[in-house]
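Hi everyone, thanks for coming. I'll take a few minutes to walk through a structure that is new to most of you, so let's put it on the screen.

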Amino acid sequence: MDSPVSQPTVVALSLLLLALYLARRALLGKRRNYPPVAGTMIHQLLNLRRLVDYQTELSHRYRTFRMLTPTCNKVYTVDPANVEYILRTNFSNYGKGRTHHDVLQDLLGDGIFNVDGDKWRHQRKVASFEFSTRVLREYSTGVFRDTAAELAGIVAASGGGGERAVDMHDLFMRSTLDSIFKIGFGVSLGGLSGSSQEGAAFARAFDDASEQVLCRFFDLLWKVKRVLNVSSEAAMKRSVRTINDFVYAVIDKKIEQLGRDQHEFAKKEDILSRFLLEREKDPGCFDNKYLRDITLNFVIAGRDTSAGTLSWFLYVLCRNQHIQDKIAREVREATTGDGDRAVGIQEFTSCLTEGAINSMQYLHAALTETLRLYPAVPIDVKRCFSDDTLPDGYEVKKGDMVTYQPYPMGRMKFLWGDDAEEFRPERWLDDHGVFVPESPFKFTAFQAGPRICLGKEFAYRQMKIFAAVLLYLFRFEMWERGSTVGYRTMLTLKMDGPLYVRAIPRRA
Ligand code: HEM
C-alpha cells in the first residue's frame, strides 16, 4: 500500500502533533510515567508498506513505546510481562472496543472475533465445547486429508513435473477456504476445482470484503461513504450481500434438512449443523444471524491465517533445502517408512493417522518457527478500558490502544538469542527431538490468555497434513532462483504477490 501522504505534509503534521503534545505536557505540569514517544502516527503512515519492520526497528530501541495520534496514545510492547498482563492478568481491562467492532461489523457481525464481554463469553463457551469433540476432530481431519490430496493433484497437473511455475500462495488460499468452509458449513465450495459458480462468487466476495473492510481503518470518511453508498463502501456492500445470500441459503437448506429427518441430520458433523442441533435442544438460544456470524467468523479466523502460514513455510523451505529434505524424511518415516516405494496420493493420505501426525515433531517445530518469524497476526491491538499501570511501570490511559507485537517479538534478541533472525526449527526441540512449547506470552502468534486462538490445534493439524502430503510428493524450489517475496500491510501478514515455485516430483 502506498503512503497516502506527501513528505512535507508529514513533517508539518508531525511537528503539529509534537507541539500539541508538548503544550499538553506543559499545561498538565507534573510528568507522568507514560512510555517514551517513538514517533507519531504520521511516521507509521510513511512506513505503511513496511510497517511491521518499522515497528520492529522501534522495538529494538524501546521494549514499550508510544506513538502520538490526535485522539489517543498508541502504546506498543514486546515485553512478555506486559503481554501477560494485558492478555491474562487484567484481561477485562483490554478488549476489542467500540471502534474496532464498528469497522468490522458488516463482515464479522457479532461473531466471536468481534465482540467483548458477555457476548464473547457465551460464544467462547459454546464453541470451545464443539471444538473439543471427537466428532469435529475426526470430521475435520478427513476434510483436511481430502483437500490436501486434491491440492497435490492440482500441483502435479499444473506443475508438469517441474516444467511449469505453480503459484502456491493462490493454491493455499483456495484450498484452505475450501476446507474451512466445508468444516464450518458442511458444503463444498469447489474453489480448488472451480466446480461451483456460486462458490467462486462467494470466494471472490469474501476476499474482496476482507480487503475492503481494512480500508476503513485508514479512511476517516468511511462512515459518510457508507451512508451515501459510494466508492469503497458501495463495493463493500455488494460483497457483503453476496456473502450473506450464499450463507443464508446454506442455513435455510440445513434447516429444511433438519425438519425433514432429524435422526439423519444428527449424524452431520460440520459446525453449523452442530449449532443447529444445539438450537433444537434450546429453541431461541440463537437466531439465524447468530449462526451466520459465528460460523463465518470461524471461516475468517481460520482461512487467511493458515493459508498465509503455509505460504511463508514453503517460502522458507525453498530457501533452506536441507530443512525441507529433513522434513520430507521425517514424513516418510512416520508414514510409509519404506524408502522409495511409489505410493499413490490416496494411499498416502490414509497413512496420515493421528499417531503419524503427532510423531512429526520436526515438522511441528518448523511450522512453529515459521510462525515465530512470520506470525499470521503480526501486531494485535487492544483498547484500554480504564487507566492502568503495566508491569514495566509505564502508565496507560482509558481509550489508549495497547498493542502486543508478535512479529517484532519474534525478532528480538533479548527473547530468542543472537540468532533471533535465523530460521532454526531446532530451537524448539529437546535433546530427544521432542517439541518443547514456549510461554504463549513470549511466542504470541496465537495470542494468549482467555482469548487464545480457539483453532490452534485445528490449524496445526491442517498445516501438518497439507505440508506432509506436499513434501512427501514434491521437492519445491523458487521458480526464480534467489527471488524474494514481501508482505502487504493488512490485519494478517499476507504475501504481496504470487509464490511461484517449481514442484519436482520426489518419486517416479
Ligand atoms: C496458523 C493459523 C492460525 C493463527 C496464527 C491464528 C492466530 C490467532 C490469533 C492471533 C487470534 C487472536 C485475534 C484477536 O482476537 O485479536 C486468534 C483468534 C481466534 N482464532 Fe485463530 N489462528 C489460526 C488459525 C485458526 C483456525 C484454523 C481457526 C478455526 C478453525 C481459528 C479460530 C480462531 C477463533 C475462533 C478465534 C477467536 C477467539 C476468541 O476471541 O475467543 N484460528 N487466532
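Let's start with L107, which has its place in helix 5, residues 97-108. Keep in mind as we go that this is a predicted model. So, is L107 buried or exposed? It counts as buried, because 22 C-beta neighbours lie inside 10 Å, and the cut-off for buried is 20 or more. And which residues is L107 in contact with, if we leave aside its neighbours within four places in sequence? Those are A209, V213 and V240. I42, on the other hand, sits 65 residues away from L107 in sequence, and the two are 28 Å apart in space, C-alpha to C-alpha.

Okay, zooming out. There are 21 helices and 13 strands in the protein. The radius of gyration is 24 Å, close to the 23 Å that the globule rule gives for 508 residues, so the protein is as compact as a globular protein of that length. If you lay the C-alpha trace along its principal axes, it spans about 75 × 55 × 40 Å. Of the 508 residues, 42% are buried. And take the contacts with a separation of 6 or more: 74% of them are between residues 24 or more positions apart.

Now the inside. How many residues does the largest nonpolar core have? It has 101, and among those with the most contacts inside it are L314, V331, F466 and V469. Helix 14 gives the most to this core, with 15 residues. Apart from it lies another core, this one of 21 residues, including L58, V75, Y85 and Y394. Going back to V469 for a second: beyond its neighbours within four places in sequence, it is in contact with A148, A149, A152, F348 and T349.

Next, the ligand. There are 22 residues around it, and A301, G302, T305, C453 and G455 come nearest. Two elements give two or more residues to that shell: helix 14, which is 288-319, and helix 21, which is 456-473. Which one gives the largest share? That's helix 14, with 6 residues. So we meet helix 14 twice, once as the top giver to the core and once here at the ligand. By type, the shell divides into 13 nonpolar residues, 6 polar and 3 charged.

Last part, the strands. One open sheet has 6 strands in the order 1-2-3-9-6-4, and the pairing is mixed. Where are its edges? They are strand 1, at 37-40, and strand 4, at 94-95, each pairing on one side only. Strand 4 runs antiparallel to strand 6, residues 380-384, and 2 bridges join them. If you want to find that spot on the screen, look for G95, whose bridge partner in strand 6 is R383.

Then there's strand 13, residues 500-505, which pairs in the antiparallel sense with strand 5, residues 166-167, over 2 bridges. Strand 10, residues 474-478, also runs antiparallel to strand 13, and here 5 bridges join the two. A good residue to click on is V501 in strand 13: V166 stands opposite it, and M478 stands opposite it as well.

That's my tour. Happy to rotate the view if anyone wants another look.

Technical notes
Residues are numbered from 1 along each chain as its sequence is written. This is a predicted model: local features need pLDDT of at least 70, side-chain atom pairs count only at pLDDT 80 or more; totals for chains, interfaces and linings use all residues. A residue is near a molecule or strand if its C-beta atom, placed from the backbone, lies within 6 Å of it. Helices (H or I, at least four residues) and strands (E, at least two) are DSSP runs, numbered from the N terminus. Ala, Val, Leu, Ile, Met, Phe, Trp, Tyr, Cys and Pro count as nonpolar, Asp, Glu, Lys and Arg as charged, and the others, Gly among them, as polar. Two strands pair if DSSP finds at least two bridges between them. The radius of gyration is taken over C-alpha atoms; the globule rule is 2.2 Å times the number of residues to the power 0.38. A residue is buried if 20 or more other C-beta atoms lie within 10 Å of its own, exposed if 12 or fewer, and partly exposed in between; C-beta atoms are placed from the backbone. Two residues are in contact if their C-beta atoms, placed from the backbone, lie within 7 Å. A nonpolar core is a set of buried Ala, Val, Leu, Ile, Met, Phe, Trp, Tyr and Cys residues joined through C-beta atoms within 7 Å.
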